[in-house]
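Reader: I am new to this structure. Please choose a single part of it and describe that part closely, together with its surroundings.

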Amino acid sequence: MPDEAVSHADIPGARVVRLVGEADLDTAEALDGGLTAALGSEQPLTVLDLSRTTFADSTVLGVLLRAHTLHEQAGRRLLLAGPLDDVLVRLFDVTGTRAHLRFAADLAQAVGDRDRHPERG
């Protein structure tokens with residue numbers, strides 16, 4: 001089921017949203033809901049863990065760009081954590097969106113880097 005592909009958990013300093021498996025139109029709504037809900041969390045940082053995502057289409061890319069914009073407008077940070085599957089790397093490179101999104105090598109780096117990247121306000 002698509003909703004099972006998206007989960008979330010709070011860890012110290014961050015809300016982590018996990019996307020598992022193939023992400024497309026069927027999972028986009030659940031992902032959008034998870035990332036939007038993260039804005040209402042007490043955590044100062046949202047990390048989207050893509051380390052177990054094997055595919056994403058343009059619908060999901062649209063969700064990521066929207067979430068990035070909403071986080072910035074709220075003065076919050078959204079980091080995409082890998083390691084990324086080659087399919088995802090190609091998606092971000094071919095669409096030119098790599099320069100517009102923030103990435104971390106993995107979840108540990110994303111959470112460890114939060115203190116080096118102050119919130120915009």
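Author: H8 stands opposite V17 in strand β2. Strands β1 (residues 6-11) and β2 (residues 14-19) pair in the antiparallel sense over six bridges, where pairing requires at least two DSSP bridges between two strands. Two residues separate the strands of this hairpin, and G13 takes a positive phi near 85°. The model is a predicted one, in which local features need pLDDT of at least 70 and side-chain atom pairs count only at pLDDT 80 or more, while totals for chains, interfaces and linings use all residues. Residues are numbered from 1 along each chain as its sequence is written, and side-chain values use heavy atoms, with hydrogens and water left out. Helices (H or I, at least four residues) and strands (E, at least two) are DSSP runs numbered from the N terminus.

The part for close study is helix α2. Its 16 residues (58-73) should span 22 Å at 1.5 Å a residue, and the end C-alpha atoms are indeed 22 Å apart; the expected span is 1.5 Å times one less than the number of residues. At the N-terminal end, D57 acts as a cap, with a side-chain oxygen 3.0 Å from the backbone nitrogen of T59. After the helix comes G75, whose phi is positive, near 75°.

Buried residues of α2 are V60, L61, V63, L64, A67, H68 and H71. They line one face of the helix, because seen down its axis they fall within an arc of 155°, taken from the directions from the axis to the C-beta atoms. The face turned away from this buried side carries the exposed residues S58 and Q73. Here buried means under 20% relative accessible area and exposed over 50%, with partly exposed in between (1.4 Å probe, protein chains only).

The largest nonpolar core (buried Ala, Val, Leu, Ile, Met, Phe, Trp, Tyr and Cys residues joined through side-chain atoms within 4.5 Å) has 22 residues, and L31 and L64 are among those with the most contacts inside it. Two or more residues come from each of β2, α1 (25-38), α2, β6 and α3 (86-95). Helix α2 gives the most to this core, with five residues. Apart from this core lies another, of nine residues, including V47 and L79. Leaving aside residues up to four places away in sequence, L31 touches V6, V17, L19, L48, V60, V63 and L64, contact meaning heavy atoms within 4.5 Å.

R76 is found in the loop between α2 and β6 (77-81). R76 is buried, with a relative accessible area of 13%. A polar atom of its side chain lies 2.9 Å from the backbone oxygen of L39.

Note on methods:
A polar contact is a pair of N or O atoms within 3.5 Å; within protein, one must be able to donate a hydrogen and the other to accept it, and residues adjacent in sequence count only if both atoms are side-chain atoms.
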